Amino acid sequence: MKVREEFTCPLELVHDMIKGKWKPIILWRLRLGAASLAKLERDIDGITQKMLLEHLKELIDYGFVEKKSFEGYPLHVEYSLTEDMGAQILEALRIMQHIGIDYLKRNGMEHILEEKGVIPD
């Protein structure tokens with residue numbers, strides 16, 4: 001994870017921070033609240049634990065996600081959105097979610113929304 005030194009605009013930086021198949025999905029899932037690694041892995045179809053850990057580390061480093069460890073045995077760790085950048089990026093993802101929903105509806109693919117149980121926030 002490296003933030004580029006030269007860029008066209010700040011949007012390019014944010015794009016680099018959340019680009020990829022999984023980061024927006026991880027952030028979107030965390031809108032529901034804090035979750036353990038195992039819970040995130042169960043909730044996000046197709047993601048491997050290795051990829052999840054890698055992306056969570058980057059999202060933590062960028063300030064979108066925080067990691068909280070609880071004492072005791074077995075070790076319990078939860079991930080959640082930060083109050084500042086995590087909440088802000090969620091606003092952008094919510095807009096993107098609605099654009100995706102509108103696109104599916106306009107193109108006769110409402111059945112996908114029904115199959116996935118998607119309800120706009």
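Partly exposed describes a residue whose relative accessible area falls between the buried limit, under 20%, and the exposed limit, over 50%. These legends describe a predicted model.

**View 1. Val118 sits in the segment after helix H6.** Helix H6 covers residues 110–116. Val118 has a relative accessibility of 28%, so Val118 counts as partly exposed. Leaving aside neighbours within four places in sequence, Val118 is in contact with Gln97, Ile101 and Leu113. Look at the pair Val118 and Gln97. The two are 21 residues apart in sequence. In space, their C-alpha atoms are 9.7 Å apart.

**View 2. The largest pocket has 23 lining residues.** Val118 appears again here: Ile25, Trp28, Gln97, Lys116 and Val118 are the lining residues nearest the pocket centre. The volume of the largest pocket is about 820 Å³. Helices H2, H5 and H6 each supply at least two residues of its lining. H5 gives the largest share, with six residues. Sorted by class, the lining holds 14 nonpolar, three polar and six charged residues.

**View 3. The second largest pocket holds about 160 Å³ of space.** H1 and H5 are the elements that give two or more residues to its lining. Among the lining residues are Leu11, Val14, His15 and Ile18. Ile89, Ala92, Leu93 and Met96 also line this pocket, as do Lys19 and Pro24. By class, the lining divides into eight nonpolar residues, one polar and one charged.

**View 4. The largest nonpolar core has 24 residues.** Which residues have the most contacts inside this core? They are Ile26, Leu27, Leu30, Leu56, Phe64, Val65 and Tyr79. Several elements give two or more residues to the core: helices H1 (10–18), H2 (23–30), H3 (37–43), H4 (49–62) and H5 (85–106), together with strand S2 (76–81). Now pick out Leu27. Beyond its neighbours within four places in sequence, Leu27 is in contact with Ile18, Leu59, Phe64 and Val65. Leu81, Ile89, Leu90 and Leu93 are in contact with Leu27 as well.

**View 5. His55 belongs to helix H4.** Is His55 buried or exposed? Its relative accessible area is 10%, so His55 is buried. Setting aside neighbours within four places in sequence, His55 is in contact with three residues: Trp22, Lys23 and Ile26. Ile26 is also one of the residues with the most contacts inside the largest nonpolar core.

**View 6. Strands S1 and S2 run antiparallel.** S1 spans residues 65–70, and six bridges join S1 to S2. Phe70 has His76, in S2, as its bridge partner. The two strands form a hairpin with five residues between them. At Gly72 in this hairpin, phi is positive, near 115 degrees.

**View 7. Ser80 lies in strand S2.** The relative accessible area of Ser80 is 18%, so Ser80 is buried. Which residues touch Ser80, once neighbours within four places in sequence are left aside? Ser80 is in contact with Leu30, Ala34, Phe64, Val65 and Glu66. Of these contacts, Leu30, Phe64 and Val65 are among the residues with the most contacts inside the largest nonpolar core.

Notes: Residues numbered from 1 in each chain as written. Predicted model: local features only at pLDDT ≥ 70, side-chain atom pairs only at ≥ 80, totals over all residues. Heavy atoms only, no water. Core = buried A, V, L, I, M, F, W, Y, C linked by side-chain atoms within 4.5 Å. Buried < 20%, exposed > 50% of the residue type's maximum accessible area, 1.4 Å probe, protein only. Helix = DSSP H or I, 4+ residues; strand = E, 2+ residues; numbered from the N terminus. Contact = heavy atoms within 4.5 Å. 1 Å grid on protein atoms, 1.4 Å probe; cavity = no way out; pocket = protein on both sides within 12 Å on 5 of 7 lines; lining within 4 Å. Points joined across faces, edges and corners; volume = space filled by probe spheres on them. Nonpolar A, V, L, I, M, F, W, Y, C, P; charged D, E, K, R; others polar. Pairing = 2+ DSSP bridges.
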